[in-house]
Amino acid sequence: MKFIRLFAVAIIAPLLVASCQQTKDDFAADPNFNSTSYDDFANVEPLPQRNESVSFYGPGSERLDKSMFQPVYFDYDSYAIRQSEGAKVENMAAKLRTNRKNMIIAGHTDAAGTSEYNRVLGERRAQSVRSTLIAMGVQAAKLQTVSFGEDAPAQPGNDSANRRAEFGVYD
Amino acid sequence: MNKSPILSFALVLVAILTPVADAQVVIRKSSQINIEVERFGGANGSQAAALVQQDLRSTPGFKLARIAGSTWIAKGGISGNALNGSLVSPDGHVRFSRRYSAGTLAGAAHLFSRDIILEITGKLGLPGSKIVFSGSRGKGREIFICDHHGENLRALTADNSLAVSPSISPDGGTLAYTSYRSGYPDVWGMNLRTGTRSRLFSSPGTNTGSAISPDGSKVALTMSFSGNPELYVGSIGGGKAKALTKTMQVESSPTWSPDGRKIAYNAGTGSNPQLMIISSSGGNPSTLKTGYAYNTEPDWSPDGQRLAFNVRSGGNIRVAIYEFSSGKTTVLSDGESPVWGPDSRHLIYTQSGNVYLLDTETGSAKAIVTGMRAKEPSWTKR
């Protein structure tokens, strides 16, 4: 069983990275896409209901343990999980498959783009990590997402440090 | 019929030049509106008159001048907390006489200015309009409101959180905005006449990017509860919203056409957000070819003819305009989140935390709000 899981991770993780990059390349080649042609997004799982007694910011943030997992960093204006960050996601998946924790994934951006676009790009980054974890066997119901866009930088002015997803777990 | 070639040439010249010369005279005559604002009677009358003068002086085409036979006259008087204003045409007829009693004296003066401009030109100017934006005076962000020149600035929210992405309804009666006060990004609505507010959209994930429809009854926004950010249209009262898109891209920043039938937004898979247009009741979107790789934050002009938006060019975010009739994109200046004023001529945008007012015909821009870390402005359209 353990072998099968590891095998699945080993096969699926690179495929996901590859498929994200493929999509980006397709788009760049043909900017006049029709969005209906992307309806086959395979890994979409609806988000679970929120538990508002715990959150990433403001009320309930003291109940969140942000020390368990390291941030995952992203390339400029991209939500694809880059290969160098893959081990972090695999480590998260391994722990979340076996423990009883729930997790909030918070997506962030640098300040280089425009504000509202960044807010939604941050959400998409959080969702990229979420769908990868789901593909690695983590229950969708344990994973909530939130975006702060460019409004909560880790290091103001340091773009590469701010393009990230952060993780907070709670019981 | 035997005319000399020179005479024929001269006649042709006269025929060509005469109507053009006439037209130029006509244009020059009608382009300048001379108006005199008479001293207003009553307490604070001179302050109110000065505001009307300032409004008219800054409106293209208007000149505060008295020229015999071609001058409009604005008359006013203060009684209690109301301004009585009337407008007299150059031929001596009273065109309107109204009482402005709502709110502050400054607000009344701006409404009088708005009516003067509308009566004479048949079009809206900027006076009487309101601007909202997300700003900060320290920790977190709140939503602020001010007049068209950045005056009478005040906070609308005290969320002690991140209050961002405001949209004010075209008539100025309603505000929708994103607040993290629950710990999560939700869309809140506020009745600006009564001050009451409610949480409109609080689905799992991120709820943001509200755009109130021209008739004030609906909100277009981005929600991500399905597992991917998509565009939705819901009621201004909240509740269940209808999905406009179902894709694997990132959709954001909707803006309504003035007739409410279409919505423009940006969509992309990272790196290449494009401007899209979709029916506000759903269907297949079409892409606008702007010639730029990065296109975000569109705002539809009240006359329906243009989109203001952001492009990235030379590493900087710039303000651009797409004109529907020609399909052409023009880049105007550096700046973020441009939005149109009610005259479909002026834009406001932010740069380095300041709000700038830009005349798109002359290219002149000036800061109207400074020191507030301002971003994401929205402007009433009437």
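In this predicted model, strands S1(B) and S2 (residues 62–64) of chain B pair in the parallel sense, over three bridges. Within this pairing, B:Ile35 stands opposite B:Leu64 of S2(B). How does the chain get from S1(B) to S2(B)? The route runs through helix H2 (residues 45–57) of chain B. This β-α-β crossover is right-handed.

S1(B) has another partner to follow. Strand S3 (residues 71–79) of chain B also pairs with S1(B) in the parallel sense, here over four bridges. B:Asn34 stands opposite B:Thr71 in S3(B).

Now look at the surroundings of S1(B), residues 33–37 of chain B. Four of its five residues are buried, that is, under 20% relative accessible area. The strand is therefore largely enclosed by the rest of the structure. In a regular strand, side chains alternate between the two faces of the sheet.

Next, the empty space. Rolling a probe the size of a water molecule over the atoms shows where such space is left. Here the count comes to three cavities of 30 Å³ or more. The second largest has a volume of about 50 Å³. Its lining holds 13 residues, and those closest to its centre are A:Asp77, A:Asp110, A:Gly113, A:Asn118 and A:Leu121.

Which helix gives the most to this lining? Helix H3 (residues 115–135) of chain A does, with four residues. By residue class, the lining of the second largest cavity divides into five nonpolar, three polar and five charged residues.

Methods:
Residues are numbered from 1 along each chain as its sequence is written. Chains are lettered from A and ligands numbered from 1 in the order in which they are written. This is a predicted model: local features need pLDDT of at least 70, side-chain atom pairs count only at pLDDT 80 or more; totals for chains, interfaces and linings use all residues. Side-chain values use heavy atoms; hydrogens and water are left out. Buried means under 20% relative accessible area, exposed over 50%, partly exposed in between (1.4 Å probe, protein chains only). Helices (H or I, at least four residues) and strands (E, at least two) are DSSP runs, numbered from the N terminus. Two strands pair if DSSP finds at least two bridges between them. A crossover is right-handed if, with the strands pointing away from the viewer, the path from the first strand over the helix to the second runs clockwise. On a 1 Å grid over the protein atoms alone, a cavity is a set of points where a 1.4 Å probe fits but cannot get out, and a pocket is an open set with protein on both sides within 12 Å along at least five of seven lines; lining residues have an atom within 4 Å of a point. Grid points are joined across faces, edges and corners, and a volume is the space filled by probe spheres set on the points. Ala, Val, Leu, Ile, Met, Phe, Trp, Tyr, Cys and Pro count as nonpolar, Asp, Glu, Lys and Arg as charged, and the others, Gly among them, as polar.
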